[in-house]
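This report describes the contacts between protein and DNA in one model. Please consult the sequence and the structure displayed below while reading.

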2 protein chains.
Amino acid sequence: MKPHEHAFLAPEKAEQVARIFKALADPTRVKILYLLSQEECSVGHIAEVLEMTQSAVSHQLSFLRHIRLVKNRRAGNMLYYSCDDEHVISLLRQAVTHADH
Amino acid sequence: MKPHEHAFLAPEKAEQVARIFKALADPTRVKILYLLSQEECSVGHIAEVLEMTQSAVSHQLSFLRHIRLVKNRRAGNMLYYSCDDEHVISLLRQAVTHADH
DNA sequence: TTCGAATATGAATATTTGTTCATATTGTAA
DNA sequence: TTACAATATGAACAAATATTCATATTCGAA
């Protein structure tokens with residue numbers, strides 16, 4: 001079979017796909033997204049639950065916000081984050097379900 | 001709401017999940033897995049289609065083989081690789097479908 | 001057994017990435 | 001306004017990662 005005879009992903013498409021998975025390729029982000037998939041959380045709350053520094057959490061949230069996986073809502077002093085991409089959450093849930101082989 | 005009141009992922013579970021997505025978090029591996037999801041391919045064939053060096057392809061296949069996402073079959077001089085994890089392929093297909101927003 | 005083709009592997013390197021630390025910003029209450 | 005709490009941001013650093021290059025291995029044919 002010759003190269004041109006089958007469908008392979010165009011480079012930009014492959015990068016788009018990889019970018020989606022890259023967001024889920026870090027344990028910290030997995031934990032954050034899993035938490036946010038259950039309820040809206042403030043930055044400080046996430047940091048407390050996951051035992052991370054406020055700064056580390058904020059950096060990751062910034063990353064997730066830039067690629068539109070999470071959004072936030074201000075309430076006084078605090079920012080409440082929540083998921084903004086049901087499809088990615090769906091991928092996450094499936095992986096969690098199948099994680100134990 | 002207090003930390004212990006909601007379900008968050010155990011550290012090892014989060015790492016398992018992240019490990020799955022890490023395999024899909026690189027454009028090269030995405031292209032390789034997408035190709036293999038359609039047909040069994042030799043190393044040289046993959047390298048030709050994806051315009052990569054034989055060595056780079058072999059390294060990535062080694063990575064994918066170690067985590068049991070692909071398997072191979074020897075036929076004379078050549079090794080034919082194919083997918084060995086339908087669940088991961090399912091995740092990949094979904095992401096490809098949804099890649100264009 | 002020798003040769004050549006296909007594939008694997010190890011070391012080196014450049015790039016990416018996650019965290020920390022220090023500091024800046026934003027909003028609230030006094 | 002001042003002071004404080006919550007969050008964001010930039011620089012620096014260490015660790016992880018993908019590729020390249022050179023070389024090793026494996027198999028079939030002669």
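Of the atoms of DNA strand C that lie within 4 Å of the protein, 60% belong to sugar or phosphate, and the rest belong to bases. The structure is a predicted model, in which local features need pLDDT of at least 70 and side-chain atom pairs count only at pLDDT 80 or more, while totals for chains, interfaces and linings use all residues. Residues are numbered from 1 along each chain as its sequence is written, chains are lettered from A and ligands numbered from 1 in the order in which they are written, and side-chain values use heavy atoms, with hydrogens and water left out.

**DNA strand C**

Around DNA strand C there are 23 residues, of which A:Arg29, A:Ser55, A:Gln60, B:His59 and B:Tyr81 come nearest; a residue is near a strand if one of its heavy atoms lies within 4 Å of it. By class, this surface comprises 5 nonpolar, 14 polar and 4 charged residues. Here Ala, Val, Leu, Ile, Met, Phe, Trp, Tyr, Cys and Pro count as nonpolar, Asp, Glu, Lys and Arg as charged, and the others, Gly among them, as polar.

The polar pairs listed below involve both strands.

| Protein atom | DNA atom | Distance |
|---|---|---|
| A:Thr53, polar side-chain atom | Strand C, phosphate oxygen | 3.3 Å |
| B:Gly44, polar backbone atom | Strand C, phosphate oxygen | 2.8 Å |
| B:Leu79, polar backbone atom | Strand C, phosphate oxygen | 3.3 Å |
| A:Tyr81, side-chain N or O atom | Strand D, phosphate oxygen | 2.5 Å |
| B:His59, polar side-chain atom | Strand D, base oxygen | 3.3 Å |
| B:Gln60, polar side-chain atom | Strand D, phosphate oxygen | 2.7 Å |

**DNA strand D**

DNA strand D is surrounded by 23 residues, and the closest are A:His59, A:Tyr81, B:Thr28, B:Arg29 and B:Ser55. Sugar and phosphate make up 60% of the atoms of DNA strand D that come within 4 Å of the protein. The surface near this strand divides into 5 nonpolar, 14 polar and 4 charged residues.

**A:His87**

A:His87 belongs to helix 5 (residues 86–98) of chain A; helices are DSSP runs (H or I, at least four residues), numbered from the N terminus. The relative accessible area of A:His87 is 16%, so this residue is buried, a term that means under 20% relative accessible area (1.4 Å probe, protein chains only). Residues up to four places away in sequence aside, A:His87 touches B:Gln94, B:Ala95 and B:His98, where contact means heavy atoms within 4.5 Å. The C-alpha atoms of A:His87 and A:Leu69, which are 18 residues apart along the chain, are separated by 9.5 Å.

Definitions and conventions: Polar contact = N/O pair within 3.5 Å; in protein donor to acceptor, adjacent residues only side chain to side chain. Helix = DSSP H or I, 4+ residues; strand = E, 2+ residues; numbered from the N terminus. Buried < 20%, exposed > 50% of the residue type's maximum accessible area, 1.4 Å probe, protein only.
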